[in-house]
Amino acid sequence: MTITIDHLKVEYHNGGELLTILDIPFWHVKKGEQISISGPSGSGKSTLLHIIAGLLQPNKGSVQVCGQELTQLGEVKRDRFRAKSIGYIFQNFNLLQGFTALENVLLGMTFSAEKPHRQAAIDLLKEMGLDNRLKHYPSQMSIGEQQRVAIARALVKKPDIILADEPTGSLDPLHTGSVIVKLRQACEEQGCTLIIVSHEKEVVSAFEKQVCFLELNRAFAEKEGAA
Ligand code: ADP
């Protein structure tokens, strides 16, 4: 599904000072595109993903995702839109501690268009190399294993768009390459758009379309210039 951002601004008032975090004049992502975004820490990459997922509302501008103008939707409708259309892989995974790996992946299908499908969840966990971790709780898994569960949870509901915030940040080099290949393959098969934020060269260069965030976000470029 497409994403179109127009005259987007995200600002915070901090101790009387107005801080512009995002200033993106225009950005369009085509259906099924796979894009990596790289840029310095604090430049607003996660904020942009939050805006596309409808987790945060901008101060100004238009954000059209899958044909929906997100700035016109209230919180409840944005929650429903996200449950149906977006697979979000968070930096800190956001796994539910009281549920096993398999249950966490099944929960990924709750409220989505897909009916919870146990075998599909098992198959995805197996693809992620977690065959023998299905009944493990997050506290019983390594950080890298938890991250692969989070990736399976995002993929299983067959979303229109996957937003991945440093999805391989906790993986060893052996798993990084294979997880990116699997993520890209799954998105291609499902016709799903993929946007991945990463600081790892190996990850960024795996994508034909690479966005340098400092070129996209005028706010940070201006701040850097002024410093
Ligand atoms: P990145 O993902 O590129 O590391 P973030 O999107 O996490 O960057 O953060 C961008 C900037 O927004 C940071 O400088 C952060 O301090 C600032 N920021 C985030 N939330 C708030 C807030 N509620 N109030 C003020 N500044 C914030």
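Reader: Ok, looking at this one. How many bridges hold β1 and β4 together, and in which sense do they pair?
Author: β1 and β4 are paired over five bridges, in the antiparallel sense. Keep in mind that this is a predicted model.

Reader: Got it. Which residue of β4 stands opposite D6?
Author: That's S62 in β4.

Reader: And what about β1 and β2, how many bridges there?
Author: Strand β1, residues 3-14, is joined to β2 by 11 bridges, and the two run antiparallel. One pairing you can look up is N14 with its bridge partner E17 in β2.

Reader: What's between those two strands?
Author: A hairpin connection with two residues between the strands. G15 in that hairpin takes a positive phi near 55°.

Reader: So what's the order of the strands in that sheet?
Author: The order is β2-β1-β4-β5, four strands in an open sheet with antiparallel pairing. At the edges you find β2 (17-29) and β5 (68-69), and each of these pairs on one side only.

Reader: β5 looks tiny on my screen, lol. What does β4 do with β5?
Author: Strand β4, residues 60-65, pairs with β5 over two bridges, in the antiparallel sense. If you want a spot to click on, V65 stands opposite Q68 in β5.

Reader: Quick basics check: what do strands of a sheet pair through?
Author: Backbone hydrogen bonds, and the strands can be either parallel or antiparallel.

Reader: Then where's the parallel stuff here?
Author: Look at the open sheet of five strands, ordered β6-β7-β8-β3-β9, where the pairing is parallel. Its edge strands are β6 (86-89) and β9 (209-212), each pairing on one side only. From one strand to the next, the twist averages 15°.

Reader: Which residues make up β3 and β8, and how many bridges do they share?
Author: β3 covers residues 34-38 and β8 covers residues 193-197, with four bridges between them in the parallel sense. Within that pair, I35 has I195 in β8 as its bridge partner.

Reader: There are helices over there too. Which strands does α2 touch?
Author: Helix α2, residues 75-85, packs on the sheet and touches β6 and β7 (161-165). The direction of α2 makes about 85° with that of β6.

Reader: And α6, what does that one lie across?
Author: Helix α6, residues 173-190, lies across β3, β6, β7 and β8. Relative to β8, α6 runs at about 155°.

Reader: Switching topic: which residues surround the ligand?
Author: Y12, I21, P40, S41, G42, S43, G44, K45, S46 and T47. Sorted by class, that shell has three nonpolar, six polar and one charged residues.

Reader: Which helix gives the largest share of the shell?
Author: Helix α1, residues 45-52, with three residues.

Reader: How far is the K45 side chain from the ligand's oxygen?
Author: A polar side-chain atom of K45 lies 2.8 Å from an oxygen atom of the ligand. For S46, an N or O atom in the side chain is 2.8 Å from a ligand oxygen atom. With T47, a polar side-chain atom lies 2.5 Å from an oxygen atom of the ligand.

Reader: Last one, how much of the ligand does the protein cover?
Author: The protein covers 59% of the 570 Å² of accessible area that the ligand has on its own.

Note on methods. Residues numbered from 1 in each chain as written. Predicted model: local features only at pLDDT ≥ 70, side-chain atom pairs only at ≥ 80, totals over all residues. Heavy atoms only, no water. Pairing = 2+ DSSP bridges. Axes fitted to C-alpha atoms, helices over the stretch in contact; angles between N-to-C directions. Contact = heavy atoms within 4.5 Å. Near = heavy atom within 4 Å. Polar contact = N/O pair within 3.5 Å; in protein donor to acceptor, adjacent residues only side chain to side chain. Areas by Shrake-Rupley, 256 points an atom, 1.4 Å probe, with all protein chains shown as cover. Nonpolar A, V, L, I, M, F, W, Y, C, P; charged D, E, K, R; others polar.
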